[in-house]
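Biologist: I should like to go through the charged and aromatic side chains with you. Could you bring up the model?

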Amino acid sequence: MTGFVLSSSGLIALLGVALLVLARLEPAHRHIQDWGYSHLLLALGLTLGVAWVPTDVGSLHYQLQVAGAASAIVASLALQLAGTARYRGMPWEWRRQWPRWAALLAVILGLAAVEYPWGVAAGAMVLSASAAWAARWLWQG
């Protein structure tokens, strides 16, 4: 299972790099850069949070890795939606959005602290919901 997650994360990271290269060719389209960084952070979050989870659950290393993985996933989601909003010409202000993402991160970290699979499940549900949200914004256009 770990091999599949790592190869999937690697492909997601390669897509992120390709999007960042495309963003350098088309600097007027900032949404491409947002999506590129979103893919890189998603790959990092999946690698740290699913593929390489330490076995020593109570250690500081475990807690830092889980926090890093959850932070990368939430930042990926925020960039995905920011890029979608920019693509559609919708307003997106980070000053107004960051409290929502901080609360979401706190919920995922809280669930992961209680029971790690709950945190993974919450992260997966949030990933799915934000992808559906972004798809809805794109579909409306």
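Modeller: This is a predicted model. The side chains of Arg-95 and Glu-93 meet in a salt bridge, at 4.0 Å from N to O.

Biologist: Is Arg-95 buried or exposed?

Modeller: Arg-95 counts as exposed, because its relative accessibility is 70% and the exposed class begins over 50%.

Biologist: And what about Glu-93?

Modeller: Glu-93 is partly exposed, with a relative accessible area of 37%.

Biologist: How many salt bridges does the structure hold?

Modeller: The structure holds 2 salt bridges. Besides the pair of Arg-95 and Glu-93, the side chains of Asp-34 and Arg-86 meet in a salt bridge, at 2.4 Å from N to O.

Biologist: Where in the chain do Asp-34 and Arg-86 lie?

Modeller: Asp-34 belongs to helix H2 (residues 30–51) and Arg-86 to helix H3. The two residues are 52 apart in sequence, and their pair links distant parts of the chain.

Biologist: Which class of accessibility does Asp-34 fall into?

Modeller: Asp-34 is buried, with a relative accessible area of 5%. Its partner Arg-86 is partly exposed, at 28%.

Biologist: Let us change topic. How many aromatic pairs are there?

Modeller: The count comes to 4 aromatic pairs. One of them joins Trp-92 and Trp-94, with ring centres 5.6 Å apart.

Biologist: Why is that pair of Trp-92 and Trp-94 called edge-to-face?

Modeller: The planes of the two rings stand at 80 degrees, and planes over 60 degrees apart count as edge-to-face, so the pair of Trp-92 and Trp-94 receives that label.

Biologist: Are these two rings buried or exposed?

Modeller: Trp-92 is buried, with a relative accessible area of 13%, whereas Trp-94 is partly exposed, at 37%.

Biologist: What other aromatic pair does Trp-92 form?

Modeller: Trp-92 also pairs edge-to-face with Trp-137. Their centres are 6.5 Å apart, with 75 degrees between the planes.

Biologist: Which parts of the chain does that pair tie together?

Modeller: Trp-92 lies in the loop between helix H3 (60–88) and helix H4 (94–114), while Trp-137 lies in helix H5 (residues 116–140). The pair therefore ties together parts that are 45 residues apart in sequence.

Biologist: And is Trp-137 buried or exposed?

Modeller: Trp-137 counts as buried, because its relative accessibility is 10% and the buried class covers values under 20%.

Biologist: Which residues form the aromatic cluster?

Modeller: Trp-92, Trp-94, Trp-133 and Trp-137 form one aromatic cluster.

Definitions and conventions: Residues numbered from 1 in each chain as written. Heavy atoms only, no water. Phe/Tyr/Trp six-rings, centres within 6.5 Å; stacked < 30°, edge-to-face > 60°. Buried < 20%, exposed > 50% of the residue type's maximum accessible area, 1.4 Å probe, protein only. Helix = DSSP H or I, 4+ residues; strand = E, 2+ residues; numbered from the N terminus.
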